[in-house]
Amino acid sequence: MARGVARVLRRALYTSRARVLSSTRNFHTSRETHCRSLAYLESHVPTTRFFSDSPVWIRLPWNDYRFGFGKVRCFSSTVDNNGENDEKLEYNIEDSEESLVGSDSESEDYDEEGVVNELGDVDESLINDSALSDVFCNNSAESREAARALNAAYHDPVELYKELRESEVRSKLQRNEWDTLHEIFGYFAQSGWAANQALAIYIGKSFFPTAVAKFRDFFFETCKLEVVQDLVRVGPTDDAVKFLFPVFVEFCIEEFPDEIKRFKSVVDSADLTKPATWFPFARAMKRKIVYHCGPTNSGKTYNALQRFMEAKNGLYCSPLRLLAMEVFDKVNALGVYCSLLTGQEKKHVPFAKHVSCTVEMVSTDELYEVAVIDEIQMMADPSRGHAWTKALLGLKADEIHLCGDPSVLEIVRKMCGETGDELVEEHYERFKPLVVEGKTLLGDLKNVKSGDCVVAFSRREIFEVKMAIEKHTKHRCCVIYGALPPETRRQQANLFNDQENEYDVLVASDAVGMGLNLNIRRVVFYSLSKYNGDKVVPVPASQVKQIAGRAGRRGSRYPDGLTTTLHLEDLTYLIECLQQPFDEVRKVGLFPFFEQIELFAAKVPDMAFSKLLEHFGKHCRLDGSYFLCRHDHVKKVANMLEKVQGLSLEDRFNFCFAPVNIRNPKAMYHLYRMASTYSQDMPVNVAMGMPKSSARNDTELLDLESRHQVLSMYLWLSNQFEEKNFPFVEKVEAMATNIAELLGESLTKANWKMESKEEVMKGQEKEDGGYERPASLIKLVRNK
């Protein structure tokens, strides 16, 4: 009878479907439901029995138990055992009431991607009283009255646990009492609330069902009959879970010290809190931070570079290879010896005490008088932000000059307060205001004028605009977009800036937003929407301001900046974007060093590198001012390289961060081949021929771009590994230079019809492994 009632309650509280996870190594079970929570949470009692160096408080009430989220150690991510071979099965809960978690079984909790998640995300609905009201109305008045009587009878969970532990007589239970207790402990094992709270004592989600099963066996062996009878009257409800959980905590702390210590060590190994403490030498210095805050064309970078060149030694940190190369050339031309350091190039100038580098190549070991970090707002970039954060926190420089917009000013103030550095703010305004032309091009590219830069947000649109302008006007166009090598972009920029030739119009992507000094009279937006990899969305206001601000340049032919749109309907959005204040950034990026990944790997041995990164991401703890930078491309490369044997953890780390276009099968194939050759301790070569002429169509142009990306990847890897493993650097540099020149020639005479997406997808059979040319990611928006 009791069993039948309990079954009805479970069907009411749980969904009708459940997920069972099974493994080829051990059998695991785990049911997922939508109703796993506790109600009206009130008073609290502290417990201090934890394996932690600092006091951790977990509120363990007895009457109207509340688990306090204010002081408890909470997690939002995790690590677990491997689980590569886990498979998922579904079945109806009604057909498997007997399958409670066994005492020797373990359960693993999986997220939507099938990844083991031991800590998981704490469901905020569990602590929202209003969200719980519907669940608790299912508890009968009789059950709740029994729960109040139970709580009144047993006030102290520690005392009750001691009584259970000291008990030597096993209670003789009736069949209905036995069945109901099984229902109660099954309900306990399924409680998402209890599983989340168990994390505070370092009981991971994968171990939680096993711990509950052990606790159930302990309870059956030692519990007094009167306690059992009182608990049976409460039944398999949230009140029963509230009653049992504090006793469960005491049991786990005493019974599973090794498991708790193990899981705590895993948690601690992925601790990314307090990143300022990672750089003790920088913290020992009294650094002066100068924030040059202002829009484009305001002189902020110029002033910072003046201080850089005046210093005895200095470091310039660039967001792009192109800008690092430009500063390198400019500083040396002014008589200050300066070296160049990027992922692909190392140019050491004799007697140089200044370095121009990309921000990812920053060394926190060298001591500088002055360092300049350009485009500091990139700290908030979801993929690369960690490099700027590391540079700001870790550089050993007496003065650090930051150049950027106001979006990260507040968080820089906060970071300087934490590090103890002095912060000086210098605010700038544009030399000449940016003017929006009320008269657009009225949808006609014939209205383009000399000095215009037409900005489009897809490669296809860029070439269509170029060809339309050259066909219907007397203007000639230069082209700049992100997939071009820095050398080619510089060549196109110089061609546009030179007033002695016929190339007087620039057609570009958002790549003109930073890294190039261009003599632009007017920025014309071909459109103000772009494809973000999933759908067509409006261009963010911050990006619109950055691009539009490139118009006008002090000391150039066009000191006044103008901007407008091709179509009248886009003009309102352009004005709105320019009028918007900069959004305040609240979090900046972080990513672990290799040493941190290595420490984490030691805690979870024999785990594939892609899984290791995934678990670290789910497991790491961060302060409120930081986020973990995205590393999807790293995981995709790691998955591809799993079949390559003989690579150390550090080798895999370096190969996975190589600058490869993961959407380009040809580039991915060459990276796989390089890793395979390296793993066999053989010299790595580039098995790729040189094209004989410039591109005659878009397919050949794409092929040139792809070839240069492969060569650039080789040069980057050569700087991460020993010379004996990548001995053909000079040959590859010569090939890259030749291909960059061919790309420049191809762009100046490009007048071919662009292929449709379907034609690109079909492609032609290529000589390298039979790969097809990858299609553009930009979806064509057709008018229906």
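**Close-up views of a predicted model**

A search of the whole structure, a predicted model, finds 0 disulfides. Cys223 and Cys656 serve as two examples of cysteines here: Cys223 is buried at a relative accessible area of 1%, and Cys656 is buried at 1% as well.

**View 1. Six strands form an open sheet with parallel pairing.** The strand order is S13-S20-S17-S14-S16-S15. Strand S13 (434-436) and strand S15 (476-480) are the edges, each pairing on one side only. From one strand to the next, the twist averages 25°. Strand S16 (residues 503-508) runs parallel to S15 and is joined to S15 by 5 bridges. Ile480 has Ala508 in S16 as its bridge partner.

**View 2. Helices H17 and H18 lie across strands of the sheet.** Helix H17 (residues 486-497) crosses strand S14 (452-455), S15 and S16, and runs at about 150° to S15. Helix H18 (residues 541-548) lies across S13, S14, strand S17 (522-525) and strand S20 (561-565). The angle between H18 and S17 is about 145°.

**View 3. The largest nonpolar core contains 75 residues.** Ile469, Phe655 and Leu717 have the most contacts inside this core. Helix H25 (residues 698-718) gives the most to the core, with 9 residues. Beyond its neighbours within four places in sequence, Ile469 is in contact with Leu445, Val448, Val454, His475, Cys477, Val505 and Val507. Another core, of 50 residues, lies apart from the largest one and includes Phe188, Ile203, Val234 and Val249.

**View 4. Asp452 and Arg522 form a salt bridge.** The closest N and O atoms of the pair are 2.6 Å apart. Asp452 lies in strand S14 and Arg522 in strand S17, so the salt bridge ties together parts that are 70 residues apart in sequence. Asp452 is buried, with a relative accessible area of 0%, and Arg522 also counts as buried, at 4%. Salt bridges with shared partners join Glu437, Asp452, Arg521 and Arg522 into one network.

**View 5. Asp421 forms a salt bridge with Arg283.** Their closest N and O atoms are 3.8 Å apart. Asp421 sits in the loop between helix H15 (409-419) and strand S12 (422-427), while Arg283 belongs to helix H11 (residues 280-284), so the pair ties together parts that are 138 residues apart in sequence. Asp421 is buried at 8% relative accessibility, whereas Arg283 is partly exposed at 21%.

**View 6. Asp230 and Arg233 meet in a salt bridge within helix H8.** The N to O distance is 2.1 Å. The two residues are 3 apart in H8 (residues 225-234), about one turn of the helix. Asp230 is buried, with a relative accessible area of 17%. The whole structure has 34 salt bridges.

Conventions:
Residues numbered from 1 in each chain as written. Predicted model: local features only at pLDDT ≥ 70, side-chain atom pairs only at ≥ 80, totals over all residues. Heavy atoms only, no water. Pairing = 2+ DSSP bridges. Helix = DSSP H or I, 4+ residues; strand = E, 2+ residues; numbered from the N terminus. Axes fitted to C-alpha atoms, helices over the stretch in contact; angles between N-to-C directions. Contact = heavy atoms within 4.5 Å. Core = buried A, V, L, I, M, F, W, Y, C linked by side-chain atoms within 4.5 Å. Buried < 20%, exposed > 50% of the residue type's maximum accessible area, 1.4 Å probe, protein only. Disulfide = S-S within 2.5 Å. Salt bridge = Lys/Arg side-chain N within 4 Å of Asp/Glu carboxyl O.
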